[in-house]
Amino acid sequence: MPKTIKKVAVLTSGGDSPGMNAAIRAVVRTCAYHNVECLGVYRGYEGLIEGDFVVLDARSVKGIINKGGTMLKSARSKEFRTAEGRQEAYKKLKEKGVDGLVVIGGDGSFTGALVFNQEFNFPVMGIPGTIDNDIFGTSHTLGFDTALNTVVDAIDKIRDTASSHNRLFFIEVMGRDVGHIALNCGIAGGAEEILIPEEDLGLERLVESLNKSKKSGKTSSIVIVAEGDKIGKNIFELKDYVDENMEGYDVRVSVLGHMQRGGAPSCFDRVLASRMGVKAVEAMLDGESNYMVGLKNNKMELTPLDSAIKGKTKINLELLRVSDIMST
Ligand code: ATP
């Protein structure tokens with residue numbers, strides 16, 4: 001028999017992403033719709049251990065759907081990695097009469113939720129919030145679409161200066177293990193080359209390709225580099241290599257950094273967050289646990305948390321080919 005859920009807690013954990021607020025709002029309002037009480041937990045698992053809770057009703061989440069970041073704050077908690085820390089968190093949830101937990105975060109946060117469930121048989125649901133789009137079981141994570149728009153906007157601006165001065169720009173975007181942001185934004189921003197962790201173009205081929213572009217009449221160039229690119233050099237070393245091995249370009253570097261995580265969520269992310277929040281709470285009320293909600297073929301689907309954690313997302317090979325053709 002599934003446990004009856006009368007009170008749900010929601011927290012945001014790990015790196016923040018645009019759309020987390022919209023997801024909190026959706027969780028809270030779905031609870032209100034079903035006459036279930038809702039508590040917000042400040043600072044992720046850190047706040048769970050400390051019992052840093054706030055009562056949230058439908059009106060407490062007004063005016064946040066359009067805000068970046070997370071009103072509940074986010075944190076990384078070393079203590080939650082210990083059995084003692086999780087025991088304390090369980091105690092705090094029981095004291096408040098909470099019987100279900102919604103975790104908005106990345107795969108690390110989901111691992112914490114799964115361990116917690118296994119130890120205390122406590123119902124948990126995950127909502128994938130990360131700009132990297134590196135979580136298995138959903139075509140889009142919360143914040144990915146907003147980050148793409150932010151990065152494309154930045155590339156457009158950099159291109160203005162690149163073309164005015166005949167410059168070659170290396171632009172570093174987020175993506176330690178995956179090149180989803182780089183590949184999509186590279187195509188959308190008209191980049192000449194896109195360097196991603198999944199592919200090793202090689203330095204010589206990079207220079208060869210840039211020389212080819214130059215000969216074909218291009219006067220400026222943009223190369224998008226994902227943080228975790230496998231070419232084996234950091235972006236400043238790449239610049240030095242190209243400076244030494246290519247003539248006629250003034251080579252510059254721009255590292256976009258944390259601005260990619262901020263800003264008002266896009267329409268897509270707000271709708272996605274709302275759908276995910278509704279699905280997470282309603283699945284929990286139906287007695288489900290240990291799942292992540294995700295978008296598959298434009299439908300809300302549940303993926304077991306352990307598959308979401310262990311599974312790997314794949315780079316879209318068709319997009320790679322499109323990018324090759326577009327840089328002709
Ligand atoms: P991001 O994608 O931004 O890194 P994330 O959710 O993967 O987000 P992590 O820092 O990996 O972020 O994890 C967030 C928190 O989840 C950790 O600080 C820790 O409290 C908890 N956590 C992660 N792994 C475990 C684990 N094996 N056991 C218990 N808790 C864990």
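What follows is a conversation about the ligand site and one aromatic pair in a predicted model.

Biologist: Which residues come nearest to the ligand?

Modeller: Among the 15 residues around the ligand, those that come nearest are Gly-15, Arg-76, Ser-77, Gly-108 and Ser-109. Helix H4, spanning residues 107-120, gives the most to this shell, with five residues.

Biologist: What makes the approach of Arg-76 to the ligand a polar contact?

Modeller: A polar contact is a pair of N or O atoms within 3.5 Å, and an N or O atom in the side chain of Arg-76 is 2.5 Å from an oxygen atom of the ligand, so the pair qualifies. The side chain of Arg-81 also meets the cut-off, because one of its N or O atoms is 3.2 Å from a nitrogen atom of the ligand. The protein covers 82% of the 620 Å² of accessible area that the ligand has on its own.

Biologist: How do the residues of the shell divide into nonpolar, polar and charged?

Modeller: Two are nonpolar, nine are polar and four are charged; Gly counts as polar in this scheme.

Biologist: Why is the pair of Phe-80 and Phe-116 called tilted?

Modeller: The structure holds seven aromatic pairs. Rings pair if their centres lie within 6.5 Å, and the centres of Phe-80 and Phe-116 are 5.7 Å apart. Planes under 30 degrees apart would count as stacked and those over 60 as edge-to-face, whereas these planes stand at 40°, so the pair is tilted.

Biologist: What does this pair tie together?

Modeller: Phe-80 lies in the loop between strand S3 (53-55) and helix H3 (83-95), while Phe-116 lies in helix H4, so the pair ties together parts that are 36 residues apart in sequence.

Conventions. Residues numbered from 1 in each chain as written. Predicted model: local features only at pLDDT ≥ 70, side-chain atom pairs only at ≥ 80, totals over all residues. Heavy atoms only, no water. Near = heavy atom within 4 Å. Polar contact = N/O pair within 3.5 Å; in protein donor to acceptor, adjacent residues only side chain to side chain. Areas by Shrake-Rupley, 256 points an atom, 1.4 Å probe, with all protein chains shown as cover. Helix = DSSP H or I, 4+ residues; strand = E, 2+ residues; numbered from the N terminus. Phe/Tyr/Trp six-rings, centres within 6.5 Å; stacked < 30°, edge-to-face > 60°.
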